[in-house]
Amino acid sequence: MEALLLACLEREPAHGYRIIELLRERSDGVFTLAEGTIYPALRRLEAGALVASAWQDAGGRRRRVYRLTPAGTAALRQRQAEWRAFSGAVDQVLLTGAT
Amino acid sequence: MSDDRPIEHYLDRLERLLPGRDREELIAELRDHLLESAARLREQGLAAHDAELLAIARLGDAETLARFHGARPWARPWLGRVAAATAAAIVVTALGAAALHPLGNDHGLAGRLGLQPHGANEPSGVEVGGVPLPRGVSPADVEARRLRARMAVLDG
């Protein structure tokens, strides 16, 4: 979950609802989370200094917007590399001999 | 409570369940989330009230969300005290009844209390999910305990 959230924030800062939209859009609807679950995850990321947040005004209401920190960018790169290695290994095992 | 303002009712309820730290910020953040979600749903043709209800359903129930954010299951202290007192009364009653019961068995007070004799925790040879069960514990016992724990979570 945390890695997916970091990836959603890679291109631009976003608020919680927008992050959920991005997850849904980029996964072609596969990731439709119970929306409340992302906020504890965002808290953990912020506690680990991987994201930072700031309050903005959005049409008269307060909106918390998250952005990736340099440490978050580094963590995302590391998790992307780990995922490539893992998924590549799974492909090699699972798809060996497939057509 | 206001049935025509489900989001505000939901947030009021959640605010009572959440621990003190960061509560106001989290409520403000979730209010923005719910209003944004409801607005999108209205754009898709839902009536305002239905849009608010669906936005809340997608976010998740207040109790679960509060637990995600560190609320104790007994968010209302008086309810916790009542539960603790009830549990204590049950234990005291059970101990008294067992100690006074004339038909004990060979395992003394432990046996009277229904506790297992020495060796009862040795593996029985029966496994559930790859985990060996202690002797005297059946898979049905495990399932019953799992269901009771699940119901306790839901009731909480």
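**Exercise 1. A buried acidic side chain**

Determine whether B:Glu52 is buried or exposed, and which side chain of opposite charge is nearest to B:Glu52.

*Solution.* Step 1. B:Glu52 is buried but takes part in no salt bridge. The model in which this is found is a predicted one.

Step 2. The nearest side chain of opposite charge belongs to B:Arg42, 5.4 Å away. A salt bridge requires the nitrogen and the carboxyl oxygen to lie within 4 Å, so B:Arg42 does not qualify as a partner of B:Glu52.

Step 3. B:Glu52 is part of helix α3 of chain B, which spans residues 48-59. With residues up to four places away in sequence set aside, B:Glu52 touches B:Arg5, B:Pro6, B:Ile7 and B:Ala38.

**Exercise 2. Salt bridges between the chains**

State how many salt bridges are counted between chain B and chain A, and analyse the pairs formed by A:Glu21 and B:Glu36.

*Solution.* Step 1. Over all chains, the structure contains 17 salt bridges. Between chain B and chain A the count is 8.

Step 2. A:Glu21 pairs with B:Arg40, and the closest N and O atoms are 2.1 Å apart. This pair crosses between chains, running from helix α2 of chain A (residues 16-26) to helix α2 of chain B. The environments of the two residues are as follows: A:Glu21 is buried at a relative accessible area of 10%, while B:Arg40 is partly exposed at 27%.

Step 3. B:Glu36 pairs with A:Arg63, with 2.7 Å between the closest N and O atoms. Because B:Glu36 lies in helix α2 of chain B and A:Arg63 in strand β3 of chain A (residues 61-68), this pair joins two chains. B:Glu36 is buried, with a relative accessible area of 12%, and A:Arg63 is buried with a relative accessibility of 12%.

Step 4. Shared partners link salt bridges into one network made up of A:Arg18, A:Glu21, A:Glu25, A:Arg61, A:Arg63, B:Asp32, B:Glu36 and B:Arg40.

**Exercise 3. A salt bridge within chain A**

Identify the partner of A:Glu35 and locate both residues in chain A.

*Solution.* Step 1. The partner is A:Arg24, with the closest N and O atoms 3.7 Å apart.

Step 2. A:Glu35 sits in the loop between α2 and α3 (38-47), A:Arg24 in helix α2; the two are 11 residues apart, and the pair links distant parts of the chain.

Step 3. A:Glu35 is buried at 2% relative accessible area, whereas A:Arg24 is partly exposed at 27%.

**Exercise 4. The interface as a whole**

Describe the contact between chain B and chain A in terms of residues, buried area and contributing elements of chain B.

*Solution.* Step 1. Chain B gives 16 residues to the contact and chain A gives 19.

Step 2. The two chains bury about 1,700 Å² between them, 50% of it on carbon and sulfur atoms. On the side of chain B, the residues that lose the most area to chain A are B:Glu29, B:Asp32 and B:His33, together 35% of what that side buries.

Step 3. There are 11 residue pairs in polar contact between the chains, counted where both residues have pLDDT 80 or more. The elements of chain B that give two or more residues to this side are α2, α3 and α4 (62-68). Of these, α2(B) provides the largest share, 11 residues.

**Exercise 5. Nonpolar packing and helix α3 of chain A**

Name the residues that touch the most other members of the largest nonpolar core, and explain why α3(A) is described as largely enclosed.

*Solution.* Step 1. The core has 40 residues, of which A:Leu5, A:Leu6, A:Ile19, B:Tyr10, B:Leu14, B:Leu30 and B:Leu34 touch the most other members. Helix α2 of chain B (residues 23-43) supplies the largest share, 6 residues.

Step 2. Beyond its neighbours within four places in sequence, A:Leu5 contacts A:Ile19, A:Leu23, A:Ile38, A:Ala41, A:Leu42 and A:Leu45.

Step 3. Since 7 of its 10 residues are buried, α3(A) is largely enclosed by the rest of the structure. The buried residues are A:Ile38, A:Tyr39, A:Pro40, A:Ala41, A:Leu42, A:Arg43 and A:Leu45.

Step 4. Just after this helix, A:Ala49 adopts a positive phi of about 65 degrees.

Conventions. Residues are numbered from 1 along each chain as its sequence is written. Chains are lettered from A and ligands numbered from 1 in the order in which they are written. This is a predicted model: local features need pLDDT of at least 70, side-chain atom pairs count only at pLDDT 80 or more; totals for chains, interfaces and linings use all residues. Side-chain values use heavy atoms; hydrogens and water are left out. Helices (H or I, at least four residues) and strands (E, at least two) are DSSP runs, numbered from the N terminus. Buried means under 20% relative accessible area, exposed over 50%, partly exposed in between (1.4 Å probe, protein chains only). Lys and Arg count as positive and Asp and Glu as negative; His and the chain ends are not counted. Contact means heavy atoms within 4.5 Å. A nonpolar core is a set of buried Ala, Val, Leu, Ile, Met, Phe, Trp, Tyr and Cys residues joined through side-chain atoms within 4.5 Å. Buried area is the accessible area (1.4 Å probe) that two parts lose on being put together, summed over both. A polar contact is a pair of N or O atoms within 3.5 Å; within protein, one must be able to donate a hydrogen and the other to accept it, and residues adjacent in sequence count only if both atoms are side-chain atoms.
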